[in-house]
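This report introduces a protein model to a reader who is new to structural biology. Please keep the sequence and the model in view while reading.

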Amino acid sequence: MILVVLENQRGKIHPFSIEALVAGQKFAKNLNCDLAVLCIGEKVEELKSQAQNFKSSKLILAKHSLIDMYSADGYSKVLSDVITELSPKYVLFGHSYMVRDFVPRVSAKLNIPFVSDIISVDFNDGNPHFSKQVFNAKLATSIEISSDQALLSFQSAAFSSDDIEEGEAGTEEDFDV
């Protein structure tokens, strides 16, 4: 399973998260697996209503008054619990300040590698290879992950929101926070 975490901007999906959702749809197609979308944070019902328009297998809602407002501790706890329960192969994010704040905590807690700032992905024989800029963006390097799971964040414009597949969001599930 691929899990895309939608960043919540006061009830609207962050533009980087739309791009991460495009990445998730491509991962699911290339790796022949399900795509789940996690809605978390303030006005989660509004986020859900927007996410229902995009093709996925499952839409997961994490609701609790303690995560209505962003906190690195709250978000990392909820995401860690979701990952532990669902065991997704890849967890995808748009690369934002919020993601840079809380995802390293999830990575450390669950001992899952976090590859950040990815600029592109190539699928070779069902194995994704990630490109990432290094040395102040003077060079790009290719990364292959040997771990069973990984947390991945994509730079803005690594995927185009114009490529989003619209359609049914599949089943809905409330995650017990």
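The sections below describe the sheet and then the cysteines.

## Basis of the report

The structure discussed here is a predicted model.

## The sheet

Nine strands make up an open sheet with mixed pairing. Read across the sheet, their order is S9-S8-S7-S10-S6-S1-S4-S5-S11. At its edges lie strand S9, covering residues 139-144, and strand S11, covering residues 171-175; each of these pairs on one side only. On average, neighbouring strands of this sheet are turned by 35° against each other when direction is ignored.

One pairing may be followed in detail at the S11 edge. Strand S5, formed by residues 58-62, pairs with S11 in the parallel sense, and five bridges connect the two. Within S5 and S11, Ile 60 stands opposite Glu 173.

## The cysteines

A disulfide is a covalent bond that joins the sulfur atoms of two cysteines. How many disulfides does the count give for this model? The count comes to zero.

Why is Cys 39 without such a bond? The cysteine sulfur closest to that of Cys 39 belongs to Cys 33 and is 19 Å away, which is too far for a bond, because the two sulfur atoms of a disulfide must be within 2.5 Å. Cys 33 is likewise in no disulfide, the sulfur of Cys 39 being the nearest cysteine sulfur to it.

The surroundings of these residues may also be described. Cys 33 is partly exposed, with a relative accessible area of 26%, whereas Cys 39 is buried, with a relative accessible area of 0%.

Conventions: Residues are numbered from 1 along each chain as its sequence is written. This is a predicted model: local features need pLDDT of at least 70, side-chain atom pairs count only at pLDDT 80 or more; totals for chains, interfaces and linings use all residues. Side-chain values use heavy atoms; hydrogens and water are left out. Two strands pair if DSSP finds at least two bridges between them. Helices (H or I, at least four residues) and strands (E, at least two) are DSSP runs, numbered from the N terminus. Axes are lines fitted to C-alpha atoms, for helices over the stretch in contact, and angles run from 0 to 180 degrees between N-to-C directions. Buried means under 20% relative accessible area, exposed over 50%, partly exposed in between (1.4 Å probe, protein chains only).
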